[in-house]
Amino acid sequence: MKILSIGRARSGMRLARPILSSQGTPLVQAGVELNDRYIDRLKQFGQAWIYVATQDSEGIEVEETIDERLKFEAAKAIREVTEHLADENLPEEKQQIDEKQASVFKSVVEEISDCLHESPTLSEEVLGLKSETEYFYLHGVNVAIIAVLLAVKAGWTREKIVQMGIGAIMHDIGVGKIIKLGETSPNDQIPDSIYRHHARMGYEAIKKAPGLKATSANVALRHHEHWDGSGYPEGLKGKDIHEFSRIVSVANLYDQLISPRPWRTPVPPDVAMDVVQSQSGTRLDPTFCQLFALFVDPYPVGMEVELDNGLVGIVALSNAENRRRPIVRIVRTVDERYLEKPILLDLLQKPDIKIVRALL
Ligand SMILES: [Fe+2]
């Protein structure tokens, strides 16, 4: 299978992965042959990228590290909590995270943590596979997954990872309260002066939730603080910002960049990773930026890349030694002439060949 931007989807292509709504229900099933109607529907839904099964990518498989079911269970809980927090018709005591919701977040994060301990790699999570419509609900889940991976790699204990992950999954939950203030939906761009309040509001909501700890709530409060002191709400600097928030900030910036929003198109993972690295030591903690570069793929399996020798390949495997030099299956030239037989090229062994760009 390979990854295409929705703009390159054509009638007759076969979907290799289902397109799911944040309720976890498939909008389009895997295996379905796309036609213009489906493509239009996906564009309307704001889907940025899709996985398609093609002849040239046959045998290239993308492993699913975190089960879709788990992601959508979490997204559903985020939707529910956001709606509760935003619902002015509910009495004040109901505009809170209840015990059941808190325990869903806890068990989802425990499962994510266990999955990533067993298989510490990511696949789709490094892509903005969510749509504009579903962005808000899946963003928390993706941030938690990426932050938990970094924490696993940093050697944190399971207990510590789970406390951080709960904060990560709910870091933007305070936006639910902001919706009320700005009278807008989670997908509208909210003026910064109003939006900033979401950090403290999220903190207050998580702190009051039964069974959740203040250290988790603190992630929501501090996730917009910057390493160099230029962030908010308090302009804390360096290690004065709790490490849970410092790890979440890296994942948060990356996931924002790769996600489609109604007011801007997403950037590909390699570009997003460059932006993250460019913020190392200013906005972000350099230690976690370094871990991020070591363990997240800028060219995920299934992505097409253009090489500087005029050939185009599909990423078949990543190289843990240098993630910017994956193993690619060369299938065609840039001007669409297909090779009789694909060639497998390990870019680690060919330092003279450069990747020009990811083809989206
Ligand atoms: Fe935020």
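Biologist: Where is P233 found?

Modeller: This is a predicted model, and in it P233 sits in the loop between α9 (214–222) and α10 (243–258).

Biologist: What kind of peptide bond joins Y232 and P233, and how do you know?

Modeller: Omega at the bond between Y232 and P233 is about 5°, and the bond is cis. Most peptide bonds are trans.

Biologist: What makes the crossing of α10 and helix α12 oblique?

Modeller: The axes of α10 and α12 (residues 286–295) come within 9 Å and cross at roughly 45°. Angles under 35 degrees would count as roughly parallel, and roughly perpendicular begins at 65. The value falls in neither range, so α10 is oblique to α12. The crossing is right-handed.

Biologist: Which residues of α10 and α12 meet?

Modeller: From α10 they are R246, I247 and V250, and from α12 they are F288, C289 and F292. Residues count as being in contact if their C-beta atoms lie within 7 Å.

Biologist: How many nonpolar, polar and charged residues does the contact of α10 with α12 have?

Modeller: There are 5 nonpolar residues, no polar ones and 1 charged residue. Arg counts as charged, so R246 is the charged one.

Biologist: Why are α3 and α5 called oblique to each other?

Modeller: Helix α3 (residues 99–118) and helix α5 (residues 158–169) have axes that cross at roughly 125° and come within 9 Å. Roughly perpendicular ends at 115, and roughly antiparallel needs an angle over 145. The angle lies between those limits, and α3 and α5 are therefore oblique to each other. α3 passes α5 in a right-handed crossing.

Biologist: Which residues of α3 meet α5, and which residues of α5 do they meet?

Modeller: On the α3 side they are F105, K106, V108, V109, E110, I112 and S113. On the α5 side they are R158, I161, V162, G165, I166 and I169. By class, this contact has 8 nonpolar, 2 polar and 3 charged residues. Gly counts as polar, so G165 is one of the polar residues.

Biologist: What makes β1 and β2 edge strands?

Modeller: They belong to an open sheet of 3 strands in the order β1-β5-β2, with antiparallel pairing. β1 (2–5) and β2 (14–15) each have a single partner strand, so one side of each is left without a neighbour in the sheet.

Biologist: How do you know that β2 and β5 pair?

Modeller: A pair needs at least two bridges. β2 and strand β5 (residues 49–53) are joined by 2 bridges and run antiparallel, so the cut-off is met. R14 stands opposite A53 in β5.

Biologist: What is the strand order in the sheet that holds β7?

Modeller: The order is β9-β8-β7-β6-β10, an open sheet of 5 strands with antiparallel pairing. β9 and β10 (355–359) are the edge strands, each pairing on one side only. From one strand to the next, the twist averages 30°.

Biologist: How many bridges join β7 to β8, and β8 to β9?

Modeller: Strand β7 (residues 311–317) is joined to strand β8 (residues 327–333) by 6 bridges. Among the bridge partners there, V315 has V328 and L317 has I327, while G313 stands opposite I330. β8 is joined to strand β9 (residues 338–346) by 5 bridges, and I327 has D346 as its partner in β9.

Biologist: What joins β6 to β7?

Modeller: Strand β6 (residues 304–307) pairs with β7 in the antiparallel sense over 3 bridges, and E304 has I314 as its bridge partner in β7. β6 and β7 form a hairpin with 3 residues between them, and G310 in that turn has a positive phi of about 85°.

Biologist: Why is β7 said to be largely enclosed by the rest of the structure?

Modeller: A residue is buried if 20 or more other C-beta atoms lie within 10 Å of its own. In β7, 5 of the 7 residues are buried, so the strand is largely enclosed.

Biologist: What makes the phi of E336 stand out?

Modeller: E336 has a positive phi of about 70° although it is not a glycine. Most residues other than glycine have a negative phi. E336 is found in the loop between β8 and β9, which form a hairpin with 4 residues between them.

Biologist: Is E336 buried or exposed, and how do you know?

Modeller: E336 has 7 other C-beta atoms within 10 Å. Exposed means 12 or fewer, so E336 is exposed.

Conventions: Residues numbered from 1 in each chain as written. Predicted model: local features only at pLDDT ≥ 70, side-chain atom pairs only at ≥ 80, totals over all residues. Axes fitted to C-alpha atoms, helices over the stretch in contact; angles between N-to-C directions. Left-handed = near helix turned anticlockwise from the far one by under 90°. Contact = placed C-beta atoms within 7 Å.
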